[in-house]
Amino acid sequence: MPTAKNNLQDNWITVNSDMTEKGIEHSFWSILKFRLGKDKYTATKEDKFMALATALRDRLIERWLNSQEAFHKSNTKRVYYLSLEFLIGKLFETNMLNLGLQEEITKVADDVGISIEDLMECEPDAGLGNGGLGRLAACFMDSMATLGIPAHGYGIRYDYGIFKQKIINGNQVEFPDAWFDKSDPWEFARPEYTVKVRLFGHTRMFNDKQGKLCVEWIDTKDIFAKPYDIPVVGYENDFANTLRLWAAHSSNEFELDYFNHGDYERAMIDKVFSEIISKVLYPGDAAYRGKILRLTQEYFFSAASISDIIRRFKTENSDLRLLPTKAVIQLNDTHPSIAIAEMMRILIDEEGMEWESAWKITRDTFAYTNHTVMPEALEKWPVSTFQQVLPRHLELIYEINRRFLDEVSVRFPGDMDRLSRMSIIEEGNPKMVRMAYLAIIGSHSINGVSKLHSRLLREDLFKDFYEMFPENFNNKTNGITQRRWLLKSNKGLSRLITESIGNKWITDLSQTKKLLDFVKDNSFCKKWQQIKKENKQALADFIYKANNIRVNPDSIFDVQVKRIHEYKRQLLLCVYIVSQYLMIKNNPKSSFVPRTFIFAGKAAPEYFMAKRIIKFINNIAEVINKDKDIDDKLKVVFLEDYRVSLAERIFPASDLSEQISTAGTEASGTGCMKFMLNGALTIGTYDGANIEICEEVGEDNIFIFGLRVDEIKKIRQKGYWPQDYINRSQSLGEAIRFIQNNFFCLQEPDLFKPLADNLIYSDPYLICADFDNYCQTQEKVSKNYLDSASWTKKSIINVAKSGKFSSDRTIKEYAKDIWDVAINDPLNQKKKK
């Protein structure tokens, strides 16, 4: 018989899970009054956001808790996704869409006197990532929840994220991004699961009572990792996973003795040192103390996560030899690879296992995704730094390396060069620990993120390892979630697609191929064009508000938005813009298809060339946008502080997607997929995911240019001389001379000399070699754009062929080929019921 207490609990659950407009509005006023202490007279816009967001959150909690309970009861295998970044963006609208409450929430917002748009502007972009790596992790979490795969994401709860970018006098200036100054309605603190993380100290060997040699890590500096959980709800199903983020706290908050003696700084030093670990994403590591902090940061979240994973396992299991049947740990790039050594430390030092058993468990549990093709981007740490911060782990890595090299010497006897190439410890001054090699050796699966990238890993970067265990290497081409990047971001196009082919594409993007039936439908094509025009006007309005620049919505919106890096070749587009500017100045009466060039992206604070490129873009914009001879033919815009919410404005409005990295340098890229999904056409090199987009849409519906990987290899082998290309190209030579002659920096002579000198004397990313072909391809773009019917057809085909690039497809492949976990597909199960 139910008790009064049970009835009270049931009533509370009913109230907070009522999905009706009336129920949500009741929750809103209750939260506003009893949790926030406000009423309709004193509530600010931010208060109303918090109240409505909390009401929305309350409606996903029950399915979240039910999902976690089901994981435990079934003792099912779970995916643990370790990533230093989770670029989750704003969650209010995502959760509203996934719960199917758009109409109800919008009405409640209207009823309480605020528009839903104004409300959503109150939410900050979560500063938990920098670019593609973090956004990929967020897409994967969305897909795992929608597909019903039990999963937990692990990362760091950064206080300030990467940084807030301001453009001041054309320069990038970094400011702290205090993204959660106010309360976060989505997170739950879980202090009861706080983990102690040890650092520094030294090791001591001893024999136990049975005479077994043991190692103890002693005199350590201890830090507490406090977890905060964010529910990740699937799309219109009853399934939710967890993103657990760790915040660093001191094990000794306050030294009262020092304080009482007037040494106030010393009294707080432990707290300051500990909590700085989770302050900022990617602290600068040029200085020695920066390296210490960076390594500490990576170990901090890896160690806390491994401890938590083992704790979860032990709640239903006792034999750690079964861990690989209940857990798979996916390393999202090299940053968390120290987790492999940490797992070995726990199994050997704390659980008392023999080496062979511990190593088998570790290798069978871990899988590694690599995200780079450039050797210099693979993470390495000085042995001396490791010895100071993680002395026990260094010992374990040396032993892992010794045993592995013994295997290599048996497989390839007498090949000393191979042993040197494959060693985790890179000899030199200083000696370095190669973390990617630890990840490869300690994992049962190593995957690249596009067909070309995976091929380059096998044939070049990790060739020796592929020859050692080819069965461990595979490809998993990246993907994006259509629920964020089309359903949420481009409502007009989403509506048209759903009206035309139904809504199954939301959870099965391959359904968009049905749009091919509409490419000759004039009425449909006109609607498609109108939606793009409205999106472009909305972005034009935003540009005017943000930058005070009026742009022509009828011009080609030619867009390059991504992290600023030399290999991504923003400089190639800049030189092209200069050449077009000069062409118009020299031939003012010639016909020209108007273009608006839109840039956005952040440069690492210590990356001189990238920051100088940002300054160059803004100085070009200053000159061109004020030149009356140019008028609306050319406009250049740099939108500051690129982030998820800004990307959601840009992708739907874009006509041309610039994916122009040097062939063989971009592992995959996911921006290209977001542009494609929103109907933009790609101009790009035969690199990363561009290749697979080309395979899907056909060469007639993409603009491919530039040297291929094999051609670049041959050029570099012969010796690359950029001046040869400059001498042969009149437009390239003229553009570079203009840069050299300080045309874009009259008040700051030689400001762009490093950029010009780099092109003339070095050009490491072959801008000069690709320039003329790039210009020719851009001319094709202009001609195609003038034929609006043809351009629209190509745009529709791009969206129709985007199905392969859903993160749902990617996650299904991970689940089948690497993780060996079932796809519960709760949405289909719900429909069957």
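This report covers cavities, one pocket and a small sheet in a predicted model.

The structure holds 6 cavities of 30 Å³ or more. The table sets out the two largest of these beside the second largest pocket.

| Space | Volume | Nonpolar lining residues | Polar lining residues | Charged lining residues |
|---|---|---|---|---|
| Largest cavity | about 220 Å³ | 9 residues | 4 residues | 4 residues |
| Second largest cavity | about 70 Å³ | 6 residues | 1 residue | 2 residues |
| Second largest pocket | about 690 Å³ | 13 residues | 8 residues | 8 residues |

In the largest cavity, the lining comprises 17 residues, and those nearest the centre are Leu91, Thr94, Ala138, Asp142 and Val232. At least two lining residues come from each of α4 (92-98), α7 (132-147), β9 (221-233) and α20 (482-488).

The lining of the second largest cavity consists of Glu566, Leu571, Met609, Ile613, Asn758, Asp763, Pro764, Tyr765 and Ile767.

The second largest pocket has a volume of about 690 Å³. Its lining has 29 residues, with Ile167, Gly170, Asn618, Ala621 and Glu622 closest to the centre. Helix α24 gives the largest share of this lining, 8 residues. Elements that each supply at least two residues to the pocket lining are α22 (522-547), α24 (608-626) and β20 (634-639).

Elsewhere, three strands form an open sheet in the order β13-β15-β14, paired antiparallel. Strands β13 (380-382) and β14 (425-426) are the edges, each pairing on one side only. The antiparallel pairing of β14 with β15 (residues 432-434) runs over 2 bridges. Glu426 has Met432 of β15 as its bridge partner.

Technical notes
Residues are numbered from 1 along each chain as its sequence is written. This is a predicted model: local features need pLDDT of at least 70, side-chain atom pairs count only at pLDDT 80 or more; totals for chains, interfaces and linings use all residues. Side-chain values use heavy atoms; hydrogens and water are left out. On a 1 Å grid over the protein atoms alone, a cavity is a set of points where a 1.4 Å probe fits but cannot get out, and a pocket is an open set with protein on both sides within 12 Å along at least five of seven lines; lining residues have an atom within 4 Å of a point. Grid points are joined across faces, edges and corners, and a volume is the space filled by probe spheres set on the points. Helices (H or I, at least four residues) and strands (E, at least two) are DSSP runs, numbered from the N terminus. Ala, Val, Leu, Ile, Met, Phe, Trp, Tyr, Cys and Pro count as nonpolar, Asp, Glu, Lys and Arg as charged, and the others, Gly among them, as polar. Two strands pair if DSSP finds at least two bridges between them.
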